[in-house]
Amino acid sequence: MSASDEEILSRLKELLQKFNSKNIELTATTDISTDLNIDSVAVMDFIMEVEDAYDIDIPLNVLSETRTMRDLVKVVQGELG
Amino acid sequence: MADLLKKFEPLMQRHAAMLEAGSDAIGLVNEKILTPTRGMINGRETILAGTNNYMGVTFDEACIEAGKKALEEFGTGTTGSRIANGTYGLHRDLEAELASFLGLDHCIVFSTGYAANLGMIAGLAGPKDTIYLDADSHSSIYDGCTLSGARLVRFRHNDAADLAKRLARSKDDGEGGRLVVLEGIYSMMGDRAPMADFVEVKKEHGFQLMMDEAHSFGVLGPNGRGLADEAGLYVHADFIVGTFSKSVGAIGGFGAGNHPYFEAIRHHSRPYMFTASPSPASVATALEAVKLLKREPERRERLRENSTRLFNGFKGLGLEMGCDVVSPVIAVRCPDEPTTIAMWNALLEAGVYVNIALPPGTPNKICLLRCSVSAAHSDEEIDRIIELFGQVVGAGHGSV
């Protein structure tokens, strides 16, 4: 990962923490839904937090192929252009 | 090879825990329906306060007679889709009656309310378009959005400023159109879209607006057309969607609008084209019920009175409400899933049926006991519901 990716990953971990009720260790390979055992609505709410943090839109369409934190870093990078 | 159903083990365990606590809240059997507000459940006569039967028309004599006549004249089913052999004169009559009721040029009838949202959204928007949907939208709206293939942007519930922000930064909507979907009354909490705020955003940013009036058609507004009608902003709603399974007391749904190309949806919308059309009896009863809603506006007033009575009763008990606006959907917040299930069972055993709503079917992981009020409820029935909620929910435990 580039330094920039690391920064995004770090920010995403912060944002995801409030949905991480079981305090699972968050890494680049963490599966956002299954590892944290959170439902689809919580995942969408988390994505909304990410959108606001970076002032970007992450269309719901991309979520079906966005499973891990690393996947989400790529999506954020893509939206940031 | 993985067992396809193995992934549902946690779901099955959750359901088993519900059954251990009492009745099956998500599979309850109505043994007999006595009136719009009374039924037999678990061998007991029960007040029905979770049926969405807002206008209480399900046992209306004229509606039943119309259904019987249609059964005799047209048979039990159409055995075909609208674009094949499944369009009868009744379907066209119902579409004309609804268009007249709504004061719009065009109306299309779908087989269910769910199909109406799928059919309208996927009929209007495609892969080049963007749909902006409220975070608390009904599942049928989410599913319609997915079916459309459009780019999907979710905005915070009832937050017009949040929608404006997303519209402003989505300058890359390109050649495609923008569809915003709102609901008149949100089905879980009973709150309404702040229509005036959204119309201001519409004027500034430009989009086409679809109002899902599933819970507000026949209920709100001087003409019973829904929230847009009540707010005096009807002209700003480009498309209206509704269902027959609530105030109309049947099954089916509709989409309506004034656009000159509106009828193209019939030739493009898969949920319209590739499913059997609604049965003659359903269409006939819906047709009669729409006429009745026009003929008897006093039902709306009675529903308002009943809703206010129940809302104020609950407020008087100090219950935590789903929202602070009176509507026929009156939800009470409960502490957690086991307690909510216990309270739901206690209410049922004491003689009142309400809906239970649990995450992820609710916003923000809250647990709800959800009532829907009917114009057919008597004052005594409303007062009994309040009394039992006081004994069960107000007392904070799952027994009377």
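User: How many residues does each chain bring to the contact between chain A and chain B?

Analyst: In this predicted model, chain B supplies ten residues to the contact and chain A supplies ten residues. A contact here requires C-beta atoms, placed from the backbone, within 7 Å.

User: Which elements of chain B give two or more residues to the side that touches chain A?

Analyst: Two or more residues come from strand 6 (151–155) and from helix 6 (160–169) of chain B. Strand 6 of chain B has the largest share of that side, with four residues.

User: How do the residues on that side of chain B divide into nonpolar, polar and charged?

Analyst: The side of chain B that touches chain A has five charged residues, four nonpolar and one polar.

User: Turning to sheets, what is the order of strands in the open sheet of three strands in chain B?

Analyst: Strands of a sheet pair through backbone hydrogen bonds, and the pairing is either parallel or antiparallel. In chain B the order is 11-14-13, and the pairing is antiparallel. Strand 11 (329–334) and strand 13 (355–357) of chain B are the edge strands, each pairing on one side only. On average, neighbouring strands of this sheet are turned by 25° against each other, direction ignored.

User: How many bridges join strand 11 to strand 14 of chain B?

Analyst: Strand 11 and strand 14 (residues 367–372) of chain B run antiparallel and are joined by six bridges. Opposite Val329(B) stands Ser372(B), in strand 14 of chain B.

User: Which helix lies across strand 11 and strand 14 of chain B?

Analyst: That is helix 11 (residues 298–316) of chain B, which runs at about 15° to strand 11 of chain B.

Technical notes: Residues numbered from 1 in each chain as written. Chains lettered and ligands numbered in written order. Predicted model: local features only at pLDDT ≥ 70, side-chain atom pairs only at ≥ 80, totals over all residues. Contact = placed C-beta atoms within 7 Å. Nonpolar A, V, L, I, M, F, W, Y, C, P; charged D, E, K, R; others polar. Pairing = 2+ DSSP bridges. Axes fitted to C-alpha atoms, helices over the stretch in contact; angles between N-to-C directions.
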